[in-house]
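This report describes a single protein chain, with attention to its surface and to one of its helices. The sequence and structure are shown first.

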Amino acid sequence: MLKYSTYRSIYDEAREVQSAGDDSASTYVSSLKDSAASLFSMLMKVFVKDNFIKLALVFMLVVSGFTVVGNVFAGSVSSMTEGKRVVVERGDTLWSIAREHKPDNMRTVVYIEGIKETSGLKSSDIQAGDVLTLPVY
């Protein structure tokens with residue numbers, strides 16, 4: 001059996017701090033308790049009926065805002081690949097071409113943006129004879 005060990009327990013150190021008369025640990029714990037109690041009382045004031053309803057409404061507005069933003073970007077044109085090419089004829093517009101070739105579940109405006117991106121168009125101006133590359137989703 002060992003008579004001497006270099007092992008020191010963390011519990012022994014805690015006793016040394018207490019026995020040294022250092023009150024910093026006890027004052028820290030008491031200040032922590034006081035701040036927790038004040039935080040709890042502040043939260044209880046928030047959850048009073050009127051304030052709780054206001055807080056719930058603000059929360060619902062924030063969640064619905066994120067939902068709307070998510071739906072706007074859900075129709076992004078990032079998942080497209082180049083598909084077939086179409087030659088613009090007299091009287092064609094991007095809207096008419098998009099309505100004719102877009103998938104049924106896609107908004108026309110989103111498909112027009114896809115046509116513009118895959119065809120390298122900077123504006124919606126097209127002329128007869130232009131060759132457009134249609135995206136495939």
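## A nonpolar surface patch

Which residues make a nonpolar surface patch of about 680 Å²? In this predicted model, the patch is formed by Phe 52, Ile 53, Leu 55, Leu 57, Phe 59, Met 60 and Val 63.

One of these residues, Ile 53, lies in helix α3, which covers residues 49-74. Ile 53 has a relative accessibility of 42% and is therefore classed as partly exposed, since that class lies between the limits of 20% for buried and 50% for exposed.

## Overall architecture

The protein chain contains five helices and two strands. Their order along the sequence is α-α-α-β-α-α-β.

The chain has 137 residues, of which 17% count as buried. Its accessible surface amounts to about 11300 Å², and carbon and sulfur atoms contribute 60% of that area. Among contacts with a separation of 6 or more, 61% are between residues 24 or more positions apart.

## Helix α5: geometry and burial

Helix α5 comprises the 12 residues 108-119. What span should these residues have at 1.5 Å a residue? The expected value is 16 Å, because the rise is multiplied by one less than the number of residues. The C-alpha atoms at the two ends of α5 are 16 Å apart, so the model agrees with the expectation. The residue that follows α5 is Gly 120, which has a positive phi near 75°.

The buried residues of this helix are Thr 108, Val 110, Tyr 111, Ile 112, Gly 114, Ile 115, Lys 116 and Thr 118. The list thus includes a lysine, Lys 116, and two threonines, Thr 108 and Thr 118; these three residues are considered in turn below.

## The two threonines

Thr 108 belongs to helix α5. Its relative accessible area is 10%, so Thr 108 is buried. When residues up to four places away in sequence are not counted, Thr 108 touches Trp 95, Ala 98, Arg 99 and Lys 102.

Thr 118 is also part of helix α5. Thr 118 has a relative accessible area of 17% and is therefore buried, the limit being under 20%. Which backbone atom does the side chain of Thr 118 reach? The partner is the backbone oxygen of Ile 115, at 3.3 Å.

## Lys 116 and its salt bridge

Lys 116 is located in helix α5. Is Lys 116 buried or exposed? With a relative accessible area of 14%, Lys 116 is buried. Apart from neighbours within four places in sequence, its contacts are Leu 94, Leu 121, Ser 123 and Ser 124. The C-alpha atoms of Lys 116 and Leu 134 are 8.7 Å apart in space, while the two residues are separated by 18 residues in sequence.

The side chain of Lys 116 also meets that of Glu 113 in a salt bridge, with an N to O distance of 3.7 Å. This distance satisfies the criterion, because a salt bridge requires the nitrogen to be within 4 Å of a carboxyl oxygen. The count of salt bridges comes to one. Glu 113 and Lys 116 are three residues apart in helix α5, so about one helical turn separates them. The partners fall into separate accessibility classes: Glu 113, at 40% relative accessibility, is partly exposed, whereas Lys 116, at 14%, is buried.

Terms used:
Residues numbered from 1 in each chain as written. Predicted model: local features only at pLDDT ≥ 70, side-chain atom pairs only at ≥ 80, totals over all residues. Heavy atoms only, no water. Patch = residues over 30% accessible without salt bridge, like charges linked within 9 Å, V, L, I, M, F, W, Y side chains within 5 Å. Areas by Shrake-Rupley, 256 points an atom, 1.4 Å probe, with all protein chains shown as cover. Helix = DSSP H or I, 4+ residues; strand = E, 2+ residues; numbered from the N terminus. Buried < 20%, exposed > 50% of the residue type's maximum accessible area, 1.4 Å probe, protein only. Contact = heavy atoms within 4.5 Å. Polar contact = N/O pair within 3.5 Å; in protein donor to acceptor, adjacent residues only side chain to side chain.
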